[in-house]
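User: Could you take a close look at the second largest cavity and tell me what lines it? I'd like the open pockets for context too.

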Amino acid sequence: MIYGEKKVNEPIRWAMVGGGKGSQIGYIHRSSALRDFNFQLVAGAFDIDAERGRAFGEKLHVAPERCYPDYKTLFAEEAKRPDGIQAVSIATPNFTHFEIARAALNTGLHVYCEKPLCFTTEEARELEELVKKTGKIMFVSYGYAGHQMIEQARRMIERGDLGKIRIVNMQFAHGAHNVAVEKNSASTAWRVDPKKAGPAYVLGDVGTHLIYLSEAMMPEMKIRRLMCSKQAFVESRKPLEDNAMTIMEYDNGAVGYIWSSCVNAGSEFGARFRIVGEKASIAWDVEHPNQLAYEVQGQPQSVMQRGAGYLYPEATEDDRIGGGHPEGLFESWSNLYARFAQAIDKCDKGEEIDFWYPDIHAGVLGVKWVEKCVESADHDSAWVEY
C-alpha cells in the first residue's frame with residue numbers, strides 16, 4: 001500500500017523539456033512526479049516559444065530565471081548551479097527525443113522520456129550504450145504499465161496460474177482519428193508527418209504500449225519472428241499507417257496478435273488484452289483498469305478487483321486508496337514515477353535495483369518492434385526474423 005511517504009531522502013531536483021500549455025501529457029507528468037514528494041520541479045524549457053514557456057513555468061511556481069528558452073540552455077545553466085537539476089522528463093514530439101535524451105545523459109542527468117526513444121534501432125542502441133557508460137537511469141514513458149492489475153497479471157503468469165502461455169491477443173484500436181483530424185489539430189499533425197513521427201504512426205503511437213505490456217507481464221517470452229499488414233485508410237497519411245495488424249511467434253511456441261489503429265470508428269479508446277494459457281486466461285481493459293478477468297477452464301468465470309486481499313502482495317504494494325475505490329491513469333503514472341525516483345536513489349547509492357520498470361531495454365524493444373513491423377509490411381507482409 002502506498003501512503004505517499006518519502007521513498008528518497010530528499011526530493012530529486014527535476015525539470016521538464018516540453019509539457020507546456022496545451023500539451024496533452026504535460027500535466028499528468030507533473031501531477032504524477034510530484035504526488036509522492038519524490039521530485040521537486042525546479043526548472044524547465046516548457047515551450048518552443050521561450051516567452052510563452054517562461055510565463056507558463058512561472059505559473060507552476062518555477063523561478064523565472066530557471067525557465068529556459070531551450071533544452072541546451074537548460075542543461076548548460078543548471079550544470080553550473082550547486083542546486084542544479086538531477087533528472088529531466090522529455091515530453092516533446094517524437095523527432096526530438098533522441099537528441100534531447102542524448103544531451104541529457106551526456107550532461108549527467110537521469111532521464112524519463114516519452115516513447116518512442118528515437119526512430120532507428122541504431123539510435124536506440126546508441127542511447128543504450130550511453131546509459132551503460134554514464135550509469136544513469138533511462139526511464140521510458142509506458143504509462144499503462146503502472147496499473148496494479150498489470151503487476152497482478154505478471155505474478156499470475158510467473159507463478160504458473162495460467163499454465164504455459166499459448167496466445168497473446170492485444171489491441172489498442174480507437175476511432176478518434178477516423179477522419180483527417182490532423183488538418184485542424186497541431187498535436188495530431190506532427191504524428192502523421194514522417195519527418196516528425198518517424199517510420200510509423202499507430203504502430204509507434206499506440207502499438208508500442210502493448211508490446212511493452214507484454215514484455216512487462218511475460219519477460220521470459222521472446223519474439224522469434226513477426227509479420228505485419230498496415231494501411232492508411234485516410235489517404236493523406238501515407239506513407240504512414242493508421243491501421244495495422246501484427247502477428248508474432250514466440251520462442252516458446254506461443255502466438256501473439258496486436259491490432260494498432262486510430263480508425264476504429266465508434267471506439268472511445270479500445271485498449272485491451274487477453275492472455276490465454278493451457279489452464280486459464282486473463283483479460284484486462286484500460287477503460288476498466290481496476291478489474292482483471294480470470295477464467296479457469298471448467299470453473300465459473302471470475303473478475304479480480306484492484307485492492308482486494310486475494311491479490312498477490314507485489315500487486316497490492318501498488319495500491320493507493322484501498323479496495324472498492326476506483327483508481328486510474330494518474331495512479332498508474334504516479335506508480336511509475338515512484339519507481340523512477342527509487343531507481344535514481346539506488347543508482348546514485350550504487351545499490352542494486354531489485355524491481356522492474358520500463359528501462360532503456362524497453363525503449364530499444366519498442367523501436368525495434370516498430371522497425372520490424374514496417375519492414376514486414378513494406379515487403380508484402382512477409383515474415384521477418386526478430
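Analyst: Sorted by class, the lining of the second largest cavity splits into 2 nonpolar, 6 polar and 3 charged residues (Ala, Val, Leu, Ile, Met, Phe, Trp, Tyr, Cys and Pro count as nonpolar, Asp, Glu, Lys and Arg as charged, and the others, Gly among them, as polar). Keep in mind this is a predicted model, where local features need pLDDT of at least 70, side-chain atom pairs count only at pLDDT 80 or more, and totals for chains, interfaces and linings use all residues. Numbering runs from 1 along each chain as its sequence is written, and side-chain values use heavy atoms, with hydrogens and water left out.

The lining residues are G146, H147, Q148, M149, P289, N290, R306, E327, G328, E331 and S332. Here a cavity is a set of points, on a 1 Å grid over the protein atoms alone, where a 1.4 Å probe fits but cannot get out; a pocket is an open set with protein on both sides within 12 Å along at least five of seven lines; and lining residues have an atom within 4 Å of a point. The space inside this cavity is about 60 Å³, with volume being the space filled by probe spheres set on points joined across faces, edges and corners.

At least two lining residues apiece come from α6 (148–158), β12 (288–296) and α11 (329–349) (DSSP runs numbered from the N terminus: helices are H or I, at least four residues, strands E, at least two).

Now the pockets: α6 and α11 each give at least two residues to the second largest pocket as well, and α11 gives the most, 5 residues. That pocket's volume is about 400 Å³, and its lining has 5 nonpolar, 2 polar and 9 charged residues.
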